[in-house]
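This report goes through a set of local features in one protein model. Please look over the sequence and the structure before reading on.

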Amino acid sequence: MKKILYTVVSLVLLVFLLFFPRESLASAQEGMQLWLNILLPTLLPFMILTGVLIRTDMIGQRLTPMESIWQKIFGVSPAGAYAVLFGLLCGYPMGAKLTSDLYASRKISRREAQYLLTFTNHASPMFISSYLIHTCMNGQVSALEVFSLLLGSAFLTMLCMRLWFFRTGSRYTAGFSPIYTSKKETSSDSSPGAILDASIMNGFETITKLGGYILMFSILTACVRHFWKSQSILSYVLFCLLEMTTGLHSLALSGLNPEIKYLCALVTVVLGGACITAQTRSLVTEELSLLPYLASKLVNALIVILLFLFFAKII
């Protein structure tokens, strides 16, 4: 079924590229500008440096003194807390990548990795502040309100996932198996030069892969826009579900009611869109299922809607 879907989408995009080259070029340039001017300079340094930290095996040692905090509040190990912190600061899709890297290097168990995927992959504070609040919403919404809604819904989602998926008892309150002890690397692989080289290559491979996904989804969005010219709320929701950044831009230019526009923007940032989901799948090892992640996104979207309605005094 997946092969048929990929084949059909690829053929449609090929036809679109051949018959509508101007629109295709414009959408591709827009996607590549986003990758080159925003993702490359902001995410690549984090990818390289976090790769170095994971390979030097210093993560758990630095976070172990606060082990009781990570265990009681988040239900994770000190190594898992690293994915929580950097996932929150760096944004999509760093939380998922760090979780997968920690699992691949045997710093955390599979159970803990599955749990971490449900609440470490979010939009970065920089993206929310600069793009969502100031660019898309023209500074008309309170930053404190936006961050309260998003962080509050993320925390409640974490609690839901903790109760829903991980009820069995173990060392950590979320029901994880004890974390693995990483195998010592050989001296040739653990030299400073080798660690830095491996981290740089891994970082460039990852950021290049993200650029490819952004490029293809930018063209796919342009294709949908060309054939679906409706100005209804359904069309804007579809654009947001395809690619978050361009979807938010279209939403900002729409003539929708400001409250509806605000709510749609919050839900879009929470869900991330199909492009973010595809990026996440590409960065997560096949041993980890993406179903808990997808379930958590739906729960998060529902919670942020309820919080929005509650604070807006609609219900």
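Phe 16, Phe 20 and Phe 227 form one aromatic cluster. The model that shows this cluster is predicted, and the values below are computed from it.

**Aromatic rings**

A pair of aromatic rings is described by the distance of the centres and the angle of the planes. In this model the count of aromatic pairs comes to eight. One of them joins Tyr 82 and Phe 86: the ring centres are 4.7 Å apart and the planes stand at 45°, so this pair is tilted. Tyr 82 and Phe 86 are both part of helix α5, where four residues, about one turn of the helix, separate them. Tyr 82 has a relative accessible area of 5%, so it is buried, the limit being under 20%.

Phe 127 and Tyr 131 make a further pair, with ring centres 5.3 Å apart and planes at 25°; this pair is stacked because planes under 30 degrees apart count as such. Phe 127 and Tyr 131 also share a helix, α8, and are four residues apart in it, about one turn. Both Phe 127 and Tyr 131 are buried.

An aromatic ring can also have a charge over it, as at Phe 239: the charged end of Arg 225 sits over this ring, 4.4 Å from its centre.

**The two sides of α8**

Which residues of α8 are buried? They are Phe 127, Ile 128, Tyr 131, Leu 132, Ile 133 and Cys 136. These residues cover an arc of only 165° around the axis, and therefore lie on the same side of α8. Met 126 and His 134, on the other side of α8, are exposed.

**Pockets**

The largest pocket has a volume of about 740 Å³. It is lined by 18 residues, and those closest to its centre are Leu 5, Tyr 6, Tyr 213, Phe 217 and Ala 278. Two or more lining residues come from each of α1 (2-19), α10 (192-227) and α14 (273-283). Which element gives the most to this lining? It is α1, with eight residues. By type, the lining of the largest pocket holds 13 nonpolar, three polar and two charged residues.

The second largest pocket holds about 460 Å³ of space. Its lining has 24 residues, and Ile 38, Leu 39, Thr 42, Ser 124 and Phe 127 lie nearest its centre. Phe 127 is thus named twice in this report: it lines this pocket, and its ring pairs with that of Tyr 131. The elements that give two or more residues to the lining of the second largest pocket are α2 (21-55), α5 (78-90), α8 (125-136), α10, α12 (244-253) and α14. The largest share, six residues, comes from α2. The lining of the second largest pocket divides into 17 nonpolar residues, six polar and one charged.

**Backbone features**

Most residues other than glycine have a negative phi, and most peptide bonds are trans. The table lists three places that depart from this general pattern.

| Place | Feature | Value |
|---|---|---|
| Tyr 92 and Pro 93 | cis peptide bond | omega about -15° |
| Arg 106 | positive phi | about 65° |
| Asn 138 | positive phi | about 55° |

Pro 93 is found in the loop between α5 and α6 (94-104). Arg 106 is in the loop between α6 and α7 (110-117), and Asn 138 is in the loop between α8 and α9 (143-165). Asn 138 comes just after α8.

Are Arg 106 and Asn 138 buried, partly exposed or exposed? Arg 106 has a relative accessibility of 37%, so it counts as partly exposed. Asn 138 has a relative accessible area of 56% and is exposed, because the limit for this class is over 50%.

**A contact across the chain**

Leu 49 lies in helix α2. With 56% relative accessibility, Leu 49 counts as exposed. Which separation is found between the C-alpha atoms of Leu 49 and Ser 199? These atoms are separated by 7.4 Å, while the two residues are 150 residues apart along the chain.

Definitions and conventions
Residues are numbered from 1 along each chain as its sequence is written. This is a predicted model: local features need pLDDT of at least 70, side-chain atom pairs count only at pLDDT 80 or more; totals for chains, interfaces and linings use all residues. Side-chain values use heavy atoms; hydrogens and water are left out. On a 1 Å grid over the protein atoms alone, a cavity is a set of points where a 1.4 Å probe fits but cannot get out, and a pocket is an open set with protein on both sides within 12 Å along at least five of seven lines; lining residues have an atom within 4 Å of a point. Grid points are joined across faces, edges and corners, and a volume is the space filled by probe spheres set on the points. Ala, Val, Leu, Ile, Met, Phe, Trp, Tyr, Cys and Pro count as nonpolar, Asp, Glu, Lys and Arg as charged, and the others, Gly among them, as polar. Rings of Phe, Tyr and Trp (its six-membered ring) pair if their centres lie within 6.5 Å; planes under 30 degrees apart count as stacked, over 60 as edge-to-face and the rest as tilted. Buried means under 20% relative accessible area, exposed over 50%, partly exposed in between (1.4 Å probe, protein chains only). A charge sits over a ring if NZ of Lys or CZ of Arg is within 6 Å of the ring centre and within 35 degrees of the ring normal. The arc is that of the directions from the helix axis to the C-beta atoms.
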